[in-house]
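Q: Could you pick one part of this model for a close look, then work outward from it to the rest of the fold? Keep it chatty, but don't skip the details.

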Amino acid sequence: MSTIRPFRIDIPQADIDDLTDRLTRTRWAAQLPGDGWERGVPAAYLRELARYWAGEFDWRAQEATLNAFPQFLTEIDGLDVHFLHVRSPEPDAMPLVLTHGWPNSFVEFTRVIGPLTDPRAHGLDPELAFHVVIPSVPGFTFSAAPTETGMTTARVARMWATLMDRLGYDRYGAQGGDLGAYIAPELALAAPEHVIGVHLDGGIGMPTEADVPSMSPADQAQWAEMQQWMTGGVDHHALLKAAPQTFALGWNDSPVALLAWMMQKFQEFTPMAELAEDVIDRDHILTNAALYWFTQTTGSSSWPMYEGLREGGFGWPIGQNLVPTGVYGGGSPLMRTLAERDNKITHWPEGNPGNHFVAMEEPTAHVADIRTFFAGLPQR
């Protein structure tokens with residue numbers, strides 16, 4: 001069961017033709033009253049995007065790009081786990097496991113792999129380089145879906161610890177955002193003697209109602225802004241906790257239904273942009289959507305919502321005081337104070353660019369921040 005098998009993506013042409021046929025035969029709903037995105041994804045916008053997906057998007061070119069990265073499968077806890085493993089040409093490179101978010105996939109990191117693994121070729125200091133491991137979370141794309149209830153972020157973290165041991169890595173870093181920001185700290189809790197440090201895109205130091213009485217006026221103003229952002233849009237946690245099977249039946253049958261759902265969430269996750277496409281390349285978004293479609297994993301990837309990201313339901317990523325933590329996007333002094341209750345914060349920058357999926361939006365800044373954090377930590 002510890003065998004590591006090479007893997008290549010090879011979507012049957014019949015599946016590609018079926019996708020094109022379904023897209024071109026869509027029965028479009030009329031536009032509801034309202035402006036912009038206030039009623040959801042605008043019908044005209046999605047219609048044009050679906051036309052591009054069917055007629056101009058080149059899946060085979062994207063597939064070839066993905067297959068340029070070494071990919072593998074290995075069985076852990078009875079489930080096949082898909083992962084990319086890209087070794088650096090630098091002999092003293094640090095192993096680093098990157099965990100993607102939802103509704104995303106390993107595609108999230110494809111534009112940071114090069115500068116992380118081969119900094120010399122990208123004009124960066126080769127003294128710090130990384131052997132990169134990017135697993136697909138169970139139930140996402142090419143990793144097998146859980147066959148019973150009970151999957152947790154802690155269990156995934158233990159699987160990652162097994163994977164890194166199987167690859168022969170004794171000391172390694174952990175990085176993640178969104179769902180990955182829950183799994184990375186759990187990895188430090190599961191294997192603190194092996195994890196050098198945890199770098200998160202964000203999600204720690206988030207205040208709650210209990211913190212309001214001690215807030216300054218400036219903190220209260222930021223809290224009000226955060227509340228507006230957190231309660232706006234479609235609450236995917238509530239939807240997918242209540243009826244994931246119901247929605248999966250539609251997403252699995254209609255690529256336009258899947259695309260509408262994906263674009264709804266990517267739009268909400270890019271609040272500082274007019275359109276998600278303004279900050280994330282269209283083909284990058286569609287490659288992610290296509291992987292969900294071809295692997296039929298829109299339902300199985302929703303387990304973090306119906307199982308609960310934290311015991312008892314939704315909560316921010318768990319803290320850990322066992323290894324250093326760095327954050328790509330810091331926040332107010334209050335947020336840092338709250339984060340330091342349960343984390344050894346050693347890196348808390350301000351002013352880094354980007355919205356939610358920063359590896360897709362700002363790969364250069366993301367790489368720079370990861371390098372800055374890990375450069376300050378002992379590797380052995």
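**Starting from Val107**

A: Let's start with Val107: its relative accessible area is just 2%, and since anything under 20% counts as buried, Val107 is buried. Bear in mind throughout that this is a predicted model. Along the chain, Val107 sits in the loop that runs between β4 and α4 (113-117). What does Val107 touch, leaving aside residues up to four places away in sequence? The answer is Leu66, His284, Thr287 and Leu291. Ala64 makes a handy reference point too: it is 43 residues from Val107 along the chain, and the two C-alpha atoms are 13 Å apart.

Now step back from that loop into β4. This strand, residues 94-99, pairs with β6, residues 172-176, in the parallel sense, and four bridges join the two. If you want one spot to click on, take Val97, whose bridge partner in β6 is Ala174. As a reminder, strands in a sheet pair through backbone hydrogen bonds, and the pairing can be parallel or antiparallel.

Both strands belong to an open sheet of nine, which you can read across as β1-β2-β3-β5-β4-β6-β7-β8-β9, with mixed pairing. The edges are taken by β1 (4-7) and β9 (343-347); each has a single partner strand, so one side of each has no neighbour in the sheet. Ignoring direction, neighbouring strands are turned against each other by 30° on average.

Follow the sheet toward the β9 edge and you get more parallel pairing. β7 and β8 run parallel and are joined by three bridges, one of the pairs to look at being His199 with its partner Gly326 in β8. β8 then pairs with β9, again in the parallel sense, over four bridges, and there Thr325 stands opposite Ile345.

Two helices lie across this stretch. Helix α6 (residues 179-190) crosses β4, β6, β7 (195-200) and β8 (320-327), at about 160° to β7. Helix α15 (residues 363-375) reaches across β4, β5 (130-135), β6, β7, β8 and β9, and makes an angle of about 145° with β7. So β4, the strand we stepped into from the loop, is in contact with α6 and also with α15.

Helix α5 deserves a detour. Its 14 residues, 153-166, should span 20 Å at 1.5 Å a residue, and the end C-alpha atoms are indeed 20 Å apart, so expectation and model agree. In an α-helix there are 3.6 residues a turn, so residues three or four places apart point the same way. Keep that in mind as you go through the buried residues of α5: Thr153, Val156, Ala157, Met159, Trp160, Ala161, Leu163 and Met164. Just past the helix, Gly168 has a positive phi of about 90°.

Finally, the whole chain. It has 15 helices along with the nine strands. With a radius of gyration of 20 Å, against the 21 Å from the globule rule for 380 residues, it is as compact as a globular protein of that length. The C-alpha trace spans about 55 × 55 × 45 Å along its principal axes. Of the 380 residues, 53% are buried, and Val107 is one of those buried residues. Among contacts between residues at least 6 apart in sequence, 75% join residues at least 24 apart. The chain exposes about 16,400 Å², with carbon and sulfur atoms supplying 51% of that.

Methods
Residues are numbered from 1 along each chain as its sequence is written. This is a predicted model: local features need pLDDT of at least 70, side-chain atom pairs count only at pLDDT 80 or more; totals for chains, interfaces and linings use all residues. Side-chain values use heavy atoms; hydrogens and water are left out. Two strands pair if DSSP finds at least two bridges between them. Axes are lines fitted to C-alpha atoms, for helices over the stretch in contact, and angles run from 0 to 180 degrees between N-to-C directions. Contact means heavy atoms within 4.5 Å. The expected span of a helix is 1.5 Å times one less than its number of residues. Buried means under 20% relative accessible area, exposed over 50%, partly exposed in between (1.4 Å probe, protein chains only). The radius of gyration is taken over C-alpha atoms; the globule rule is 2.2 Å times the number of residues to the power 0.38. Accessible areas come from the Shrake-Rupley method with a 1.4 Å probe; for residues, only the protein chains shown count as cover.
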